[in-house]
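Thanks, everyone. I'll take this one quickly, so please look at the screen and hold comments until the end.

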Amino acid sequence: MPELRNKKVGIIACSGEELPEGLVSRLVALRVLHDLQPGKTVTLCLPLFLAGGVGDRAFAKLYPTIAIDGCEKRCAFRATEKYSNKPAGSVVISEINAKRDEGRILGLRNLNSSGEVLVKVISQDIARSVNSLLVEQGDDSGQPEENKSELTGEVENAVGTCSCGSQIPVMILDINGQKKEMVALPIIFENFAMANRVSDGEIANDLLEQARV
């Protein structure tokens, strides 16, 4: 994974609705996103991710991501690993619940008390993991800075967004009168502006590798 200065942590949760564990995974993701780690986390949409969502896949390629799965199928983990990178963290609700003595969790729309307790406990654990990941990456603020690209004229800045709330910077290039949207290019340029390279060949190889996304 490229070393980037401005960090956030992605949360990708199980979308299964046939098991209470699926509901737990989604409620955990929302609690971390909105209550425990606002500004430091974004949620990635698993259905969009599986369907080829460029922004979501780019985010998981460039930033640490925690997969929250309801059962042993681990759909969120496997999809992230296949299409982007191996997740930096992984949680399987059914495995955690099996080790606890809080009673069976019930509810596909509204959880019983056992399920609510599980949401609280796992949310707090993931929130601590988010802090650890940000510290490991040299950024414990999670707050993105404004894009400082020196490119002007034919370049416009934009942000690729998902209805779930995830964001990845994009750059719109005007090439011979045709606009091309380049996902994650501002991040890659910023990374190269900060890095010390010993040769043009090293710069070219690293740029191609990072732009592969």
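Start with L134. Buried or exposed? It is buried, because its relative accessibility is 0%. L134 sits in helix α6. Its partner to look at is K8. The two are 126 residues apart in sequence, yet 7.2 Å apart in space, C-alpha to C-alpha.

A word on confidence. This is a predicted model. The average pLDDT is 78, and 67% of the residues score at least 70. Be careful with residues 142-163: pLDDT stays under 50 there. The model still has 43 contacts beyond four places in sequence for that stretch.

Now the sheet. What is the strand order? It runs β2-β1-β3-β4, four strands in an open sheet, with parallel pairing. β2, residues 41-44, and β4 are the edge strands. Each has a single partner strand, so one side of each has no neighbour in the sheet. On average, neighbouring strands are turned by 20° against each other, ignoring direction.

Look at the pair β1 and β3. They pair in parallel over four bridges. Within it, I12 stands opposite A67 of β3. Helix α1 packs on this sheet and touches β1, β2 and β3. The direction of α1 makes about 160° with that of β1. Helix α3 also lies across β1, β2 and β3. Against β2, α3 runs at about 130°.

Next, the cores. The largest nonpolar core has 21 residues. Which of them touch the most other members? I11, V24, V28, I68 and I126 do. At least two residues each come from β1 (9-13), α1 (20-36), β3 (65-69) and α6 (113-136). The biggest contribution is from α6, with seven residues.

Take I11 as an example. Leaving out residues up to four places away in sequence, I11 touches A29, V32, T41, V42, T43, L44, I66, I68 and I126. There is also a second, separate core of 13 residues. V42, F49, A60 and Y63 are among its members.

On to helix α4, residues 75-83. The buried positions here are A76, F77, A79 and T80. A reminder on helices: with 3.6 residues a turn, residues three or four places apart point the same way. What do the buried residues of α4 pack against? The list is β1, α2 (46-51), α3 (54-62), β3 and β4 (89-92).

Just ahead of that comes a loop worth a glance. R74 lies in the loop between β3 and α4. Its phi is near 55°, a positive value in a residue other than glycine. R74 counts as partly exposed, because its relative accessibility is 26%.

Then the cysteines. How many disulfides does a search of the whole structure find? Zero. Take C75. The closest cysteine sulfur to its own is in C71, 6.1 Å away, and that is too far for a bond. C75 is partly exposed, with a relative accessible area of 43%. C45, by contrast, counts as buried at 16% relative accessibility.

Last stop, back on α6. V117 lies in this helix. V117 is partly exposed, because its relative accessible area is 35%. V117 and I105 are 12 residues apart in sequence and 9.5 Å apart in space, C-alpha to C-alpha.

To recap: a four-strand parallel sheet, a largest core to which α6 gives the most, and low confidence over residues 142-163. Comments, please.

How values were computed
Residues numbered from 1 in each chain as written. Predicted model: local features only at pLDDT ≥ 70, side-chain atom pairs only at ≥ 80, totals over all residues. Heavy atoms only, no water. Core = buried A, V, L, I, M, F, W, Y, C linked by side-chain atoms within 4.5 Å. Buried < 20%, exposed > 50% of the residue type's maximum accessible area, 1.4 Å probe, protein only. Contact = heavy atoms within 4.5 Å. pLDDT = per-residue confidence, 0-100. Disulfide = S-S within 2.5 Å. Pairing = 2+ DSSP bridges. Axes fitted to C-alpha atoms, helices over the stretch in contact; angles between N-to-C directions.
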